[in-house]
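Grab a coffee and work through a few exercises on packing and pairing. Try each task yourself before reading the solution under it.

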Amino acid sequence: MTVPVRVLALWSPDWPVTAAARAAHLTPDRPAAVVVANRVLACSAVARAAGVRRGLRRREAQARCPELVVLDRDADRDARMFEPVVEAVEELAPGVEVIRPGLLALPVQGPAGYFGGELAAAERLVDQVAGCAGVECQAGIAEGLFAAVLAARRGVAVAPGDAPAFLAPLEVEELDREPEVDRSELVGLLRRLGLRSLGAFGALAASDVASRFGADAVLAHRLARGLDPRPPVRRWPPAELAVELELDPPVDRVDAAAFAARTLAQRLHGVLAAHGLSCTRLGVGARTTSGEELHRVWRCAEPLTPSGTADRVRWQLDSWLVRGGRGAVDRLQLVPEETVGAGALQLGLWGDVGEADERAGRALVRVQALLGPEAVATAVLTGGREPAERVRLVPWGDDRDEAASRVPAASGGAAGRASGSPVREPPPPWPGRLPAPSPAVVPPDPLPADLCDAAGDPVHLATPDLLTAAPQTLAVDGGPPRDVHGWAGPWPVAQRWWAPDGVAGSRLQVLRADGAAFLLFARADRWEVAGVYD
Amino acid sequence: MRRLEDRAAGPRPAAEPGADGRVLPVGAPLATLLPGGGLRRGTTVAVAGTVGATSLVLALLAEASAGGAWAGVIGRPDLGLVAAAEAGVALERLALVPYPGADLVAVTAALLDGLDLVVVAGRVLHGSDRARLAARARQRGAVLLPLGPWPGADVELTCEQGRWQGVGAGSGDVGRLRTRRVCVRLRGRGVAPAGRSARLLLPGVAGRLAVDVEGDATAVARPIADREAG
């Protein structure tokens with residue numbers, strides 16, 4: 001059984017908030033929180049002191065801390081702002097691996113020998129980061145990455161050989177701290193079984209864990225015992241797995257870099273798939289036009305997917321290019337530094353599953369290059385009563401799930417759930433919604449309509465559910481009046497009556513003698529066409 | 001000799017687009033109407049811009065889209081997406097380019113490269129652009145669905161005699177628009193010159209396409225006489 005190497009982890013707490021606050025030029029004494037889907041994702045220390053916690057609803061967080069600054073999440077920005085930290089550490093110690101923005105790890109042996117002791121090395125690195133990048137961080141030293149990260153969260157150095165003893169009293173929830181891995185189900189199960197500490201979980205026999213809880217639990221079990229997460233039969237990748245891309249002309253813009261990143265990630269995964277491998281540690285290398293060689297290692301908790309690879313390459317190029325001074329990049333190289341058997345990350349059985357999706361995605365990205373990123377969209381149905389407000393357009397490439405979970409402000413009672421929850425609840429009912437069929441044409445801006453009775457006088461609403469007279473003619477958008485064949489309604493609706501932008505009015509279906517049918521909406525005694533049943 | 005060869009080779013590729021059996025499925029009521037039983041890849045299927053055209057386009061997309069095909073709609077900022085979902089279109093595979101502007105032809109060509117079904121609307125294109133796009137669709141095995149006039153289309157569908165049920169003085173008055181009886185007429189290559197037609201409910205109950213089983217014969221001036229002709 002191999003003992004993992006001693007690792008020094010540097011952790012900057014609440015990195016999403018730190019990065020967002022720096023981008024927004026907030027001073028550290030302002031309480032701030034990053035909110036996603038109406039839930040607090042991360043909050044600053046000042047906000048935490050005021051009672052804000054991760055997972056709170058935004059409204060509740062603002063109630064506890066009224067001066068709270070609410071910031072948006074931006075993974076690209078987080079990665080970009082972290083680059084100076086990595087550079088500061090790299091000046092003193094080699095072999096730095098970025099685990100995710102806000103957390104990096106390095107083997108402690110080298111710096112410890114150079115600075116005369118592990119603690120001295122850790123202290124020196126923390127000072128270096130604070131001095132060069134102006135970021136507060138905590139260091140932790142232990143055997144293996146998992147224990148080192150937990151040690152960094154507590155700011156302790158675990159003596160050699162003490163990692164299992166350090167882990168044993170910790171709660172099993174620690175297994176579920178990585179944002180990329182969802183072990184909430186396993187943790188919940190363990191708690192229900194009465195296994196509340198990592199020590200209790202680690203005391204189970206490995207074969208029992210494997211037979212009852214599945215592959216991921218085996219990995220978690222190894223972590224809980226302070227072992228290397230993957231069994232020692234790790235494969236070292238042969239050199240020819242590295243893929244390279246010459247960029248001609250050299251790339252100096254982020255969007256072009258993103259395009260190159262995608263191509264290269266695709267090629268890398270093709271090569272890896274041919275060898276039956278997937279990558280858990282990725283080296284991103286670039287050569288600038290001035291001849292400088294840049295290299296950075298990204299480590300991931302899970303084997304990388306093609307899009308995950310492309311993201312990391314894009315973040316890395318983004319930070320190299322935006323921070324400037326490096327010049328354009330003319331060669332790009334991806335080196336899988338550590339690989340595992342593909343196993344869990346198998347491609348579709350016939351190899352071409354998802355190929356149509358990839359092809360379509362490429363075509364849509366081309367159109368985005370032509371017209372701009374907002375010009376191509378897919379639709380997500382959300383809550384709402386009117387045909388127009390039930391649809392949200394998501395620009396191609398953005399997260400559809402996130403958009404779907406962002407319930408419009410008009411919803412009132414519907415809960416904005418945290419995105420990424422594996423089980424999607426059914427959408428809440430919307431009383432007052434017109435049943436199918438819905439209008440096939442929904443004008444982006446409602447068209448004016450004139451509804452008149454037999455005498456030619458305009459028809460209004462006497463009460464929200466009663467017309468002043470039977471409609472006889474309908475003219476749409478200044479067109480000639482046409483005979484009305486039938487009508488249904490009016491159905492009143494009052495939404496957000498408590499807010500200044502609230503809507504109160506009535507809906508009316510009108511069928512003209514020429515066969516065209518319209519959905520009209522009466523707003524303040526004026527009729528407008530909200531939809532055409534084309 | 002070469003002239004002979006040219007003559008022999010000339011009409012062949014154009015004659016049978018999609019003859020390799022690659023047909024995108026459509027709902028059963030439309031499958032009996034369309035030649036080949038569906039949308040043959042590589043063809044241009046125009047939908048005339050009459051009342052009901054939008055619903056007809058959505059009905060054409062629905063079955064293939066639900067089966068995993070990608071569709072795109074260009075130049076229709078006013079498309080009713082709730083109606084699209086009710087018709088059975090998978091919105092996660094429906095790409096929308098509402099405002100293509102002056103790049104309409106370039107955008108359509110780009111989408112034909114990657115998507116299976118491309119609906120193009122917005123403005124009337126020149127003959128040369130139409131020919132280019134049709135050739136691109138044929139080469140890529142996509143189906144081009146122009147909404148509006150498109151001389152030279154392989155097949156043209158027209159929605160006629162739409163009659164809504166559920167509102168008005170009729171016996172089926174349920175107090176709201178419910179279904180619409182239409183007659184869809186098809187003209188084009190491989191079909192008798194008079195065309196053929198089918199009576200459909202578009203939209204049917206719950207927004208989906210259905211066969212009009214109890215349609216009274218008087219509603220359709222020309223009943224389905226020449227269905228076997230094609």
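Here are five exercises on this predicted model, each with a worked solution.

**Exercise 1. Work out how α4(A) and α6(A) pack, and which residues make the contact.**

Start with the geometry. Helix α4 of chain A covers residues 75–92, helix α6 of chain A covers residues 118–132, and the two pack at an angle of about 135° with their axes 9 Å apart.

Next, put a name to that angle. Angles over 145 degrees would count as roughly antiparallel and 65 to 115 as roughly perpendicular, so α4(A) and α6(A) are oblique to each other. The crossing of the pair is right-handed.

Now list who meets whom. From α4(A) come Val85(A), Ala88(A), Val89(A), Glu91(A) and Leu92(A); facing them from α6(A) are Arg124(A), Leu125(A), Gln128(A), Val129(A) and Cys132(A). Sort the contact residues by type and you get 7 nonpolar, 1 polar and 2 charged.

**Exercise 2. Trace the strand pairings around β14(A) and β21(A).**

Begin with β14(A), residues 447–453. With β21(A), residues 526–532, it pairs in the antiparallel sense over 3 bridges, and Leu447(A) stands opposite Val529(A).

Then look for another partner of β14(A). That's β17(A), residues 471–476: the two strands run antiparallel and are joined by 5 bridges. Here Leu451(A) has Leu474(A) as its bridge partner.

Move over to β21(A). Strand β20(A), residues 517–523, pairs with β21(A) through 6 bridges, again in the antiparallel sense. Val529(A) turns up here too, as the bridge partner of Leu520(A). The hairpin of β20(A) and β21(A) has 2 residues between the strands, and Ala524(A) takes a positive phi near 50° there.

Last step: is β21(A) enclosed or open? Count its residues: 6 of the 7 are buried, so β21(A) is largely enclosed by the rest of the structure.

**Exercise 3. Decide whether Arg331(A) is buried or exposed, and list what it touches.**

First, place the residue: Arg331(A) sits in strand β11 of chain A, residues 329–341.

Second, apply the cut-off. Buried means under 20% relative accessible area; Arg331(A) comes in at 17%, so it counts as buried.

Third, check the neighbours, leaving out residues up to four places away in sequence. Arg331(A) touches Glu244(A), Leu245(A), Glu246(A), Leu247(A), Gly285(A), Ala286(A), Arg287(A) and Glu293(A).

**Exercise 4. Lay out the five-stranded sheet of chain B and find its edges.**

Write down the order: the 5 strands run β3-β8-β9-β10-β11 in an open sheet with mixed pairing. β3(B) (45–47) and β11(B) (210–211) each have a single partner strand, so these are the edges, and one side of each lacks a neighbour in the sheet.

Now zoom in on one pair. β8(B), residues 155–165, and β9(B), residues 179–188, run antiparallel and share 9 bridges; Thr158(B) is matched with Arg185(B) in β9(B).

Finish with the helix on the sheet. α4(B), residues 53–66, packs there, touching β3, β8 and β9 of chain B, and its direction makes about 150° with that of β3(B).

**Exercise 5. Find the buried residues of α1(A) and what covers them.**

Go along the helix, residues 15–23: Trp15(A), Pro16(A), Val17(A), Ala19(A), Ala20(A) and Ala21(A) are buried. The cover includes β2 (32–36), β3 (39–43), β4 (69–71) and α4 of chain A. After α1(A) comes His25(A), with a positive phi near 55°.

Terms used. Residues are numbered from 1 along each chain as its sequence is written. Chains are lettered from A and ligands numbered from 1 in the order in which they are written. This is a predicted model: local features need pLDDT of at least 70, side-chain atom pairs count only at pLDDT 80 or more; totals for chains, interfaces and linings use all residues. Side-chain values use heavy atoms; hydrogens and water are left out. Axes are lines fitted to C-alpha atoms, for helices over the stretch in contact, and angles run from 0 to 180 degrees between N-to-C directions. Helices (H or I, at least four residues) and strands (E, at least two) are DSSP runs, numbered from the N terminus. Angles under 35 degrees count as roughly parallel, over 145 as roughly antiparallel, 65 to 115 as roughly perpendicular and the rest as oblique. A crossing is left-handed if the near helix is turned anticlockwise from the far one by less than a right angle, and right-handed if clockwise. Contact means heavy atoms within 4.5 Å. Ala, Val, Leu, Ile, Met, Phe, Trp, Tyr, Cys and Pro count as nonpolar, Asp, Glu, Lys and Arg as charged, and the others, Gly among them, as polar. Two strands pair if DSSP finds at least two bridges between them. Buried means under 20% relative accessible area, exposed over 50%, partly exposed in between (1.4 Å probe, protein chains only).
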